[in-house]
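Here are my notes on the ligand site and the internal spaces. Please read them with the structure open.

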Amino acid sequence: MAENAAIGAPDRGRFITFEGGEGAGKSTHIKRLADRLDAEGLRAIVTREPGGSPGAEIIRHVVLSGMGKLLGPEAETLLFAAARDDHVHAVIQPALEQGIWVLCDRFSDSTRAYQGRLGQVAPGVLNAMERVTIGRLKPDLTVILDVPVEIGMSRAAARRGTGTPDRFEAEDIQFHRQLREAFRQIAQDEPQRCVLIDANTDAATVAAAIWSAVSDRLLSAAPARNEIASA
Ligand code: TYD
C-alpha cells in the first residue's frame, strides 16, 4: 500500500460491508471481490458477522441456534453487539490499521434491518450499542445486494439442501419482504456510503457492478473514511 509521506504511516485499509436478505449471493460476491483486489495487488481479508473472531463465533452459534430469540429482541440484539465488539477490536480494526482491506459479510446494517425494523428494537437502543461496539468506525462502502424475496429464499433453500433452516431463514415470507424493504430504505437514506445492486441477474453482471462501485468510490485518491473505533 502507498505510504502517507506526511506522517510516515501506512494508508488505512478500506472497509467494505455486504448486506442483503437471505440468498442474495453475498458470500459468492465477497469472494470474487477479494480475488479481484488480490489481482490488483491489494491485500484483503474476508470476514463475517455474526462471528469473524473466536469469541464472536461462539456467540454466532448461540444466536443462529435460536437460543437468543428466547431471550427477547433486546437481549438478542445485545448478543449481536457483543459479537460485533469482539470482532471489531480483534480483527477489523487491526487489519485496517495495517493497510489491509476488510470485506465483511453483514455488519451493523443487518442489526438495523433484522433487530431494528423487524425486531422493533428502538433506534435509541441501537445507537447506544453502536457507540459502544463500533464507535466512529463506518464502512467506506456498503454493497446491498437486492433480490426478490421468493428468489432469495429458494436460493437459500437449495444451498441448505436437507439441513434445517436457521433462526432467521425459518421466519415467514412477510418477514423477508419487510427485510428487503428495510435494506432498500438504508440504501436510499445513505447513498454516499451505500450502493444498491440488482442481484437478480447473472453473477458476472453483479460482479461487474460491484467492481465498478469499488473502483469509482474507493480506488481514487480519497482517503479512507473509517476511523479508529473509540470504544
Ligand atoms: P448467515 O448464515 O451468515 O446468513 P446469510 O448467509 O443470510 O448472511 O446467518 C446470519 C444471520 O444472522 C442472518 O439471517 C442475518 C442475521 N443477523 C442479524 O439478525 N443481525 C445482525 O446484526 C447480523 C450481523 C446478522
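1. How much space lies in the second largest cavity? About 70 Å³. Bear in mind that this is a predicted model. The lining of this cavity includes T77, F80, A81, R84 and S108. T111, L126, M129, E130, T133 and I134 line it too. Two or more of the lining residues come from each of α4, α5 and α6 (123-133). By class, the lining has five nonpolar, four polar and two charged residues.

2. Now the cavity count. Searching the whole structure gives two cavities of 30 Å³ or more. The largest cavity holds about 130 Å³ of space. Its lining has 14 residues. Nearest the centre of the largest cavity are G21, E22, V147, V149 and R180.

3. Which elements supply the lining of the largest cavity with at least two residues each? They are β6 (141-146), α7 (149-160) and α8 (173-189). The top contributor is α8, with four residues. The class split for this lining is seven nonpolar, four polar and three charged.

4. Next, the largest pocket. Its volume is about 490 Å³, and the ligand takes up the space of this pocket. The lining runs to 25 residues. E22, K26, E49, R60 and R106 lie nearest the pocket centre. E22 is also among the residues nearest the centre of the largest cavity.

5. On the elements around the largest pocket: α1 (26-39), α2, α4 and α5 each give its lining at least two residues. The most come from α5, which supplies four. By class, the pocket lining has eleven charged, seven polar and seven nonpolar residues.

6. How many residues surround the ligand? The number is 17. E22, K26, R106, T111 and Q115 are the closest. In this shell, nine residues are charged, five are nonpolar and three are polar. T111 has a second role, as it also lines the second largest cavity.

7. Polar pairs to check in the viewer. A polar side-chain atom of K26 is 2.6 Å from a ligand oxygen atom. For T111, a polar side-chain atom likewise lies 2.6 Å from an oxygen atom of the ligand. R60 has a side-chain N or O atom 3.1 Å from a ligand oxygen. On burial, the ligand taken alone exposes 550 Å², and the protein buries 93% of that.

8. Which elements give two or more residues to the shell around the ligand? α2 (54-64), α4 (73-97) and α5 (108-118) do. The largest share, four residues, is from α5. In the pocket lining, too, α5 gives the most. For the second largest cavity, α5 is one of the elements that give two or more lining residues. α4 is another of them, and α4 also supplies at least two residues of the pocket lining.

9. Residues to keep in view. K26 is among the residues closest to the ligand and among those nearest the centre of the largest pocket. R106 appears among the closest to the ligand and near the pocket centre as well. R60 is listed with the residues nearest that centre, and its side chain makes the 3.1 Å approach to a ligand oxygen.

Conventions
Residues are numbered from 1 along each chain as its sequence is written. This is a predicted model: local features need pLDDT of at least 70, side-chain atom pairs count only at pLDDT 80 or more; totals for chains, interfaces and linings use all residues. Side-chain values use heavy atoms; hydrogens and water are left out. A residue is near a molecule or strand if one of its heavy atoms lies within 4 Å of it. A polar contact is a pair of N or O atoms within 3.5 Å; within protein, one must be able to donate a hydrogen and the other to accept it, and residues adjacent in sequence count only if both atoms are side-chain atoms. Accessible areas come from the Shrake-Rupley method with a 1.4 Å probe; for residues, only the protein chains shown count as cover. On a 1 Å grid over the protein atoms alone, a cavity is a set of points where a 1.4 Å probe fits but cannot get out, and a pocket is an open set with protein on both sides within 12 Å along at least five of seven lines; lining residues have an atom within 4 Å of a point. A molecule sits in a cavity or pocket if more than half of its atoms lie within 2 Å of its grid points. Ala, Val, Leu, Ile, Met, Phe, Trp, Tyr, Cys and Pro count as nonpolar, Asp, Glu, Lys and Arg as charged, and the others, Gly among them, as polar. Grid points are joined across faces, edges and corners, and a volume is the space filled by probe spheres set on the points.
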